[in-house]
Every structure is written in structure tokens, then in C-alpha cells.
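Student: I have a new model open and would like to learn how to read it. Could you take me through some of its features, one by one?

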Amino acid sequence: MKKISHKLFFLLKSAITILLCGFIINNVEWELFKQVLNDSNILFVSSVFLLMLFNISISALKWKMLLKPYNVQLGLTELTSYYFITVFFNNFFPGNIGGDGYRMLKLYKNNVSKTAALIPIFMERFTGVLMLLFLGFVGATITYITVGDEISYFSVVVGSLGIMFGFVLTGYFIFQNRSNNSRLELKQEKNKFKAIFVKALNHIAAYRHYPKTLVLAIVISLLFYLCMFFARFILIDMTGESVSFSSLVLVIWISTIFAMLPISINGYGTLDISFIYLISLYGVGYESAVVVMLIHRLLMLSVSLIGGVFYFAENYRSAAIKLG
């Protein structure tokens with residue numbers, strides 16, 4: 001029964017992805033699209049590609065730093081290759097395998113405990129979401145001051161609530177003291193799931209003893225998103241269009257949230273249509289926005305293929321070792 005429900009859910013997501021992509025294509029004026037593409041300065045593409053590679057590298061560095069409390073002795077080069085493979089999985093496999101699941105599995109196979117494999121990845125994602133919330137709120141606030149539209153107003157409200165919730169959650173995760181009674185809680189806890197949850201909270205709370213690690217993780221998250229924003233800004237400028245940086249940050253924030261919704265395959269369609277529609281409201285032509293997202297997708301696929309090379313090279317080495 002579960003297999004049938006998974007297949008039906010996948011078919012539904014596939015249908016939504018196709019419908020959204022079809023809607024985007026159907027609204028393109030192809031002569032204008034060709035003109036925008038022909039007038040675009042393709043030399044800018046290489047700088048965007050380098051920014052994407054840089055972002056994966058610093059994400060791996062952030063992961064390594066968050067592994068510090070667990071004394072995981074894996075080099076940055078190895079972790080970076082795992083991260084590239086994660087991107088490959090996320091772009092070429094339809095959601096069920098999951099790049100983060102692959103990273104946890106690789107750590108576990110390197111004699112790393114399940115906790116040490118899971119918690120740092122959770123903290124990596126959590127700090128990234130908090131930074132995205134903050135930057136989106138800043139972009140929304142500046143856009144509302146300068147433009148005063150309903151989208152930015154609504155985003156300021158949602159962003160402020162999200163930031164407050166994020167701070168509360170951070171305090172609950174990191175600063176609540178459970179160390180004195182954690183063993184007693186685990187012994188008294190009859191529900192296995194609750195026991196695991198309490199144990200996970202205790203491990204997350206351990207990061208309060210590594211304030212420098214947390215600060216550096218937040219700084220890397222800031223750098224990551226600034227690179228993402230600048231990459232999209234370059235692509236828009238490449239088409240000859242212009243948009244304020246704050247409005248671009250707001251649009252990327254909203255479209256990224258839409259891409260997180262599990263209604264399409266790996267965010268295809270949801271990310272694209274939300275970005276194209278919203279950025280067009282801030283002065284970028286529809287066809288130019290489509291060109292931006294098309295090139296963005298192609299570059300992401302190119303980066304993913306690097307992860308594919310790492311993945312198949314790793315499997316080849318493993319097979320060679322087994323054959324002896």
C-alpha cells in the first residue's frame with residue numbers, strides 16, 4: 001500500500017511539474033525570447049558558474065566545521081566531493097534518495113555515529129534557513145520602504161514572525177539546559193520516538209559550547225546567500241534588464257520557499273514560475289526572466305554533473321578494491 005501511495009504521489013508531483021513548466025513555456029513570446037538570448041552577454045555565465053562552485057565549496061566547509069564537536073576526522077576535500085554528489089542526487093534523482101541522506105550514509109560508513117551524521121546536517125540546514133529568513137526580511141523591508149507594494153508588506157510581516165519563531169526555536173535548541181537530567185529523562189521515557197527526540201535535543205544543545213563554530217557557520221551562510229543573490233543579479237544584468245538588489249533578494253527568498261514545497265520534482269516548476277512571475281512585477285521582462293531561469297537551471301545541471309563524476313569515480317574505486 002505504501003509503495004502505491006508513493007508512486008501516486010510521485011505521479012502527482014510529475015504532473016504538477018509538467019503543468020507549471022508548460023505554463024511558463026506557453027506564455028513565452030519566442031521572437032522576443034530569441035532576441036533577449038542573442039543580446040545576452042554569455043561571458044557573464046562563467047562568473048555565475050564559478051560562484052556556484054564556490055558556494056558548494058563553502059557549504060562543505062560549513063559542514064566540516066559543524067562536525068567539529070564530534071571529532072570527525074574527514075578532510076575537506078573528501079567532504080567537498082560528498083557535497084558535490086549531494087547536488088547530483090538532488091538534481092538527477094526524483095526526491096526519494098536525497099542528497100542529505102547520502103551524506104549521512106557516507107559518514108556512517110566512515111565509522112561516524114548516527115548522531116554525528118545527522119545533527120551537523122540538521123544544524124547546517126537550520127542556520128541556513130535562519131539566515132535566509134533574515135536576509136529575506138531585510139530585502140522585503142527595503143523594498144517596502146522604496147516601493148510600498150503589497151508583496152513586500154506581506155513579506156515583512158511573515159519575515160518578522162519567522163525571525164521571532166526562529167529565535168525562540170534557537171533558544172529552545174541551544175540554550176535550554178538539559179544536561180543535568182538528560183539521562184533520567186531517557187530512562188523514564190517509555191516512548192521510543194520521544195526518547196530519540198530528547199537525545200537529539202541534548203546533542204544540539206552541545207553546540208552552545210562551540211560559539212565560534214556557530215558564528216562562523218552563520219557567516220558562511222551569509223556569504224552563501226550573498227553569492228546566490230549576486231549570481232542571479234549577474235544573470236539579470238546579462239539580459240540587459242535591471243532590478244534593485246533588495247527586490248531581487250525578496251523575490252529569491254519567496255521563490256526559494258515555494259521551491260521547498262513538496263509539490264513538484266526537486267523544485268522544478270515551483271521555483272521557476274514563482275521567480276519569473278515575481279521578478280516581472282519588479283520591472284524585469286517575462287522573456288528575460290525565463291532566460292535567467294533557463295541559464296540558471298543549465299548551470300546547476302552542469303555543476304551537478306561534476307558531482308556525477310565524483311559519484312561514479314567513487315563507485316569505480318570501490319569496485320576495483322573489491323576485485324582486489
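Student: Let me start with one residue: is V215 buried, partly exposed or exposed?

Tutor: Happy to help, and please keep in mind that this is a predicted model. For burial, we look at relative accessible area: under 20% is buried and over 50% is exposed. V215 has 49% relative accessibility, so V215 counts as partly exposed. This residue lies in helix α10. The C-alpha atom of V215 is 9.8 Å from that of T127, although the two residues are 88 apart along the chain.

Student: How many helices and strands does the chain have?

Tutor: There are 13 helices and zero strands. Read from the N terminus, then, the order of elements is one α after another. Of the 324 residues in the chain, 43% are buried. Contacts give another view: among those between residues at least 6 apart in sequence, 76% join residues at least 24 apart.

Student: What should the 28 residues of helix α10 span, and how far apart are its ends?

Tutor: The idea is to allow 1.5 Å a residue and compare the result with the end C-alpha atoms. For α10, residues 211-238, the expected span is 40 Å and the ends are 41 Å apart, which agrees. Try the check on α6, residues 114-146: its 33 residues should span 48 Å, and its end C-alpha atoms are 48 Å apart, so this helix agrees too.

Student: Which residue with a positive phi follows α10?

Tutor: That is G240, with phi near 90°. Helix α6 has a glycine after it as well: G148, just after the helix, takes a positive phi of about 75°.

Student: What is the usual sign of phi in residues other than glycine?

Tutor: Most residues other than glycine have a negative phi. In this chain, N71 has a positive value, near 55°. You will find N71 in the loop between α3 (43-66) and α4 (76-92). Its relative accessibility is 59%, so N71 counts as exposed. N266 also has a positive phi near 55°, and its place is in the loop between α11 (245-260) and α12 (270-281). With 27% relative accessibility, N266 counts as partly exposed.

Student: Now pockets. How much space lies in the second largest pocket?

Tutor: About 420 Å³. To read a pocket, ask next who lines it. Here 18 residues do, and those closest to the centre are L130, G166, F167, T170 and I218. The elements giving two or more residues to this lining are α6, α7 (150-175) and α10. Helix α6 has the largest share, with seven residues.

Student: How many residues of that lining are nonpolar, polar and charged?

Tutor: The lining of the second largest pocket has 14 nonpolar residues, three polar and one charged.

Student: One last residue: is S274 buried or exposed?

Tutor: S274 has a relative accessible area of 9%, so S274 is buried. S274 belongs to helix α12. For a polar side chain like this one, look for a partner: a polar atom of the S274 side chain lies 3.0 Å from the backbone oxygen of L271. Then look further along the chain: leaving aside neighbours within four places in sequence, S274 is in contact with S255, F258 and G269.

Conventions: Residues numbered from 1 in each chain as written. Predicted model: local features only at pLDDT ≥ 70, side-chain atom pairs only at ≥ 80, totals over all residues. Heavy atoms only, no water. Helix = DSSP H or I, 4+ residues; strand = E, 2+ residues; numbered from the N terminus. Expected span 1.5 Å × (residues − 1). 1 Å grid on protein atoms, 1.4 Å probe; cavity = no way out; pocket = protein on both sides within 12 Å on 5 of 7 lines; lining within 4 Å. Points joined across faces, edges and corners; volume = space filled by probe spheres on them. Nonpolar A, V, L, I, M, F, W, Y, C, P; charged D, E, K, R; others polar. Buried < 20%, exposed > 50% of the residue type's maximum accessible area, 1.4 Å probe, protein only. Polar contact = N/O pair within 3.5 Å; in protein donor to acceptor, adjacent residues only side chain to side chain. Contact = heavy atoms within 4.5 Å.
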